[in-house]
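Biologist: Hey, can you walk me through this model? Start wherever you like.

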Amino acid sequence: MARKIIVLGEVRDGSLRNVSFEAVAAAKTASEGGEVVGVLIGDSVNALSGELIHYGADRVITVENEKLKQYTPDGYSQALMAVIDAESPEGLIFGHTSLGKDLAPKVAAKLNSGLISDVTGLEIAGGNLVFTRPIYSGKAFEKKIVTDGLVFATIRPNNISPLEKDESRTGEASSLSVDIKDLRTIIKEVVRKASEGVDLSEAKVIIAGGRGVKSEEGFEPLNELAKVLNGAVGASRGACDADYCDYSLQIGQTGKVVTPDLYIACGISGAIQHLAGMSNSKVIVAINKDPEANIFKVADYGIVGDLFEVVPLLTEEFRKILVNA
Amino acid sequence: MNIYVLMKRTFDTEEKITISGGQINEDGAEFIINPYDEYAIEEAIQVRDAQGGEVTVVSVGNEETEKQLRTALAMGADKAVLINTEDDLEYGDQFTTAKILSEYLKDKDADLIIAGNVAIDGGSGQVGPRVAELLNIPYVTTITKLDITGSNATVVRDVEGDSEVIETTLPLLVTAQQGLNEPRYPSLPGIMKAKKKPLDELELDDLDLEEDDVEAKTKTIEIYLPPKKEAGKVLEGELADQVKELVNLLHTEAKVV
Ligand SMILES: Cc1cc2nc3c(=O)[nH]c(=O)nc-3n(C[C@H](O)[C@H](O)[C@H](O)COP(=O)(O)OP(=O)(O)OC[C@H]3O[C@@H](n4cnc5c(N)ncnc54)[C@H](O)[C@@H]3O)c2cc1C
Ligand SMILES: Cc1cc2nc3c(=O)[nH]c(=O)nc-3n(C[C@H](O)[C@H](O)[C@H](O)COP(=O)(O)OP(=O)(O)OC[C@H]3O[C@@H](n4cnc5c(N)ncnc54)[C@H](O)[C@@H]3O)c2cc1C
């Protein structure tokens, strides 16, 4: 069944996030030969339409408004509802990002619709559009279908491959003017704490530290390694509880669930709650001085040793090959 | 202040997950209050203690959910409400749960509703924002700080590691992120008192809901476990050689760097 699917493109620091290209690819599958319409919301987003089209959107609608400079659920839902009213899509796909998680349930409630969150894969199987998503923080997976109403999903970053970028692709870009009325939540200030650069949920490489890192300064060698590999730094709850780092870095069942290409666990014992958050990573490396540590059971490669020796050596070695590459 | 907490009963985080007959096997499993909902309960108690009022903890579940509701009462909540769907519904999704909760809440004049950011089993994070929308009140998700003065609230929201300072007004729904507070353990006197606190049980009928009104929009057709990860290779030899070997393996064999 051909469908018209709306994809919400997400803009961060002036550029489109990768997950938006992945959402376009997901929408292509979900559209079953129908149309993929990109939507961009913000105070200055028109210039980004082309890129969404290069990644596979058939056309793009932008909603620009001063009041949409920052994300608020009221502002964005008003903009999006105006587009939905104009387009009557059969489906919607957002990234399962901070913004997508916050906005999608509100829009679903407005539309009286279902919503399949945190999707890691989708396919047409047996005549159905079937979504796969982790449950129990990745300890199990479920396959879900829509039984009534809109096809609405948020997709987890880093799991669905974007389509090849094709700069010769063209498509219509139009803009819709929407009157944004009272916003009930006002952002007074944004305090930037996240390590500059790579976001944990989208990182291809994660260097994670646990209680073995021993102090806030102990994270320094991990930061160095992350920098060389263009990765992000994460942590176990043990490290967060001990105040070595911020809770926003926590990975696990009550933290972030991540699936990078490479996960390097340093001084992490491998408690079941931690494993729930990272064991679906493509390649796992464990560095721990205890050869019996549970983390070695899920690691593809392990080094038994002191992380303060091993990590700097690793950084040096990677630096060499990456310079040569 | 009239405060409501939305609470889900869930698997203990220590539990390994197994499947039998296509379903998650619950036999012998330990159940707990969803960890994020513990933060929600703690925050509600702190707001009540500072501002006066009453904390009611609400859960959509079955008879067994009474245990977690009693724990919430033992922590210090004043009242608990179980909306028991066992006899009425066989299947539900987030649409179902949010609809039931909002029907219950719509005439309660709640000033503040606190939910968890996400349930560690279902994992969608939908219920909080859905309920707020259905009640037509503002919401802020993944909060790490809440200050209330009169009918104004200042909230700190965790956004992928950055913090937003948000101003809004009551009535308000917020969802709790880790770091919001340190949930207390129920004390012995708390546990004794909890036995006498009211725990009401409702069914769909009591909310004037028909099965059709809450029928799920999505359906689970299969549940499976991820392929078991084989323990890999622990490297040996001189440390410097191990490191070289590892870099080589990651670069040329696994090709992840
Ligand atoms: C409800 C609940 C939810 C939870 N959620 C999470 C979650 O989301 N994420 C999470 O991570 N945990 C979570 N936990 C906590 C979890 O059970 C563990 O306590 C925690 O993961 C332990 O952190 P750790 O591995 O850093 O510390 P530890 O278990 O103390 O391990 C430290 C490791 O470092 C090694 N080490 C020490 N020094 C060095 C060195 N110099 N070089 C190399 N190795 C060294 C030690 O051998 C040890 O293996 C949760 C617990 C509960 C009860
Ligand atoms: C009658 C019925 C049958 C169901 N059958 C199934 C089934 O067969 N299979 C299945 O996988 N799921 C089933 N569910 C559960 C449902 O799919 C979701 O798990 C539930 O709606 C919550 O979604 P979530 O786990 O993603 O929670 P999230 O949206 O992630 O939860 C966020 C927050 O919302 C609040 N919240 C969530 N759930 C509840 C609740 N029940 N009561 C009070 N507050 C809550 C909590 O504060 C929680 O921290 C059923 C639900 C109902 C009502």
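**A chat about the model**

Modeller: Let's start with A:R59: its relative accessibility is 14%, so this residue counts as buried. Buried means under 20% relative accessible area, exposed means over 50%, and partly exposed is in between (1.4 Å probe, protein chains only).

Biologist: Before we go on, what should I know about the model and the labels?

Modeller: It's a predicted model, where local features need pLDDT of at least 70 and side-chain atom pairs count only at pLDDT 80 or more, while totals for chains, interfaces and linings use all residues. Residues are numbered from 1 along each chain as its sequence is written, chains are lettered from A and ligands numbered from 1 in the order in which they are written, and side-chain values use heavy atoms, with hydrogens and water left out.

Biologist: Okay, back to A:R59. Which residue does A:R59 form a salt bridge with?

Modeller: The partner is A:E35, with the closest N and O atoms 2.7 Å apart. A salt bridge here is a side-chain nitrogen of Lys or Arg within 4 Å of a carboxyl oxygen of Asp or Glu. The pair links distant parts of the chain, 24 residues apart: A:R59 is in strand β5 (residues 59-64) of chain A and A:E35 in strand β4 (residues 35-42) of chain A. Helices (H or I, at least four residues) and strands (E, at least two) are DSSP runs, numbered from the N terminus.

Biologist: And is A:E35 buried, exposed or partly exposed?

Modeller: A:E35 counts as partly exposed, because its relative accessibility is 24%.

Biologist: Why would side chains pair like that at all?

Modeller: Side chains of opposite charge can pair when their charged atoms come close.

Biologist: How many salt bridges are there over all chains?

Modeller: The structure holds 43. One of them joins the side chains of A:R17 and A:E202, at 2.9 Å from N to O. Those two are 185 residues apart: A:R17 is in the loop between β3 (15-16) and α1 (18-31) of chain A, and A:E202 is in the loop between β13 (186-191) and β14 (205-209) of chain A. Both A:R17 and A:E202 are buried.

Biologist: Got one from chain B too?

Modeller: Sure, B:E54 and B:K79 meet in a salt bridge at 3.2 Å, N to O. B:E54 is in strand β6 (residues 54-61) and B:K79 in strand β7 (residues 79-84) of chain B, 25 residues apart. B:E54 is partly exposed at 30% relative accessibility, and B:K79 is partly exposed at 32%. Elsewhere, salt bridges that share partners join A:E10, A:R12, A:R17, A:D199, A:E202 and B:E160 into one network.

Biologist: New topic. How many disulfides does a search of the whole structure find?

Modeller: Zero, over all chains. A disulfide is a pair of cysteine sulfur atoms within 2.5 Å.

Biologist: Why isn't A:C245 bonded to A:C240?

Modeller: The A:C245 sulfur has its closest cysteine sulfur in A:C240, but that is 3.8 Å away, so it's too far for a bond. A:C266 is in no disulfide either, and its nearest cysteine sulfur, that of A:C245, is 12 Å away. A:C245 is buried at 14% relative accessible area, and A:C266 is buried at 0%.

Biologist: What does A:L103 touch?

Modeller: Leaving out residues up to four places away in sequence, A:L103 touches A:L8, A:Y71, A:P73, A:Y76, A:S77, A:L80, A:F94 and B:Y139. Contact means heavy atoms within 4.5 Å. A:L103 is in helix α4 (residues 98-110) of chain A, and this leucine is buried at 0% relative accessibility.

Biologist: Any odd backbone spots?

Modeller: Most residues other than glycine have a negative phi, and most peptide bonds are trans. Here, A:D118 has a positive phi near 60°; this residue is in strand β7 (residues 116-119) of chain A and is buried at 9% relative accessibility. A:N230 has a positive phi too, about 55°, and is exposed at 58% relative accessible area. The peptide bond from B:L170 to B:P171 is cis, with omega near -5°.

Biologist: Last one: what's chain B like overall?

Modeller: Chain B has six helices and 15 strands, and buried residues make up 55% of its 257 residues. Its C-alpha trace spans about 65 × 45 × 40 Å along the principal axes.
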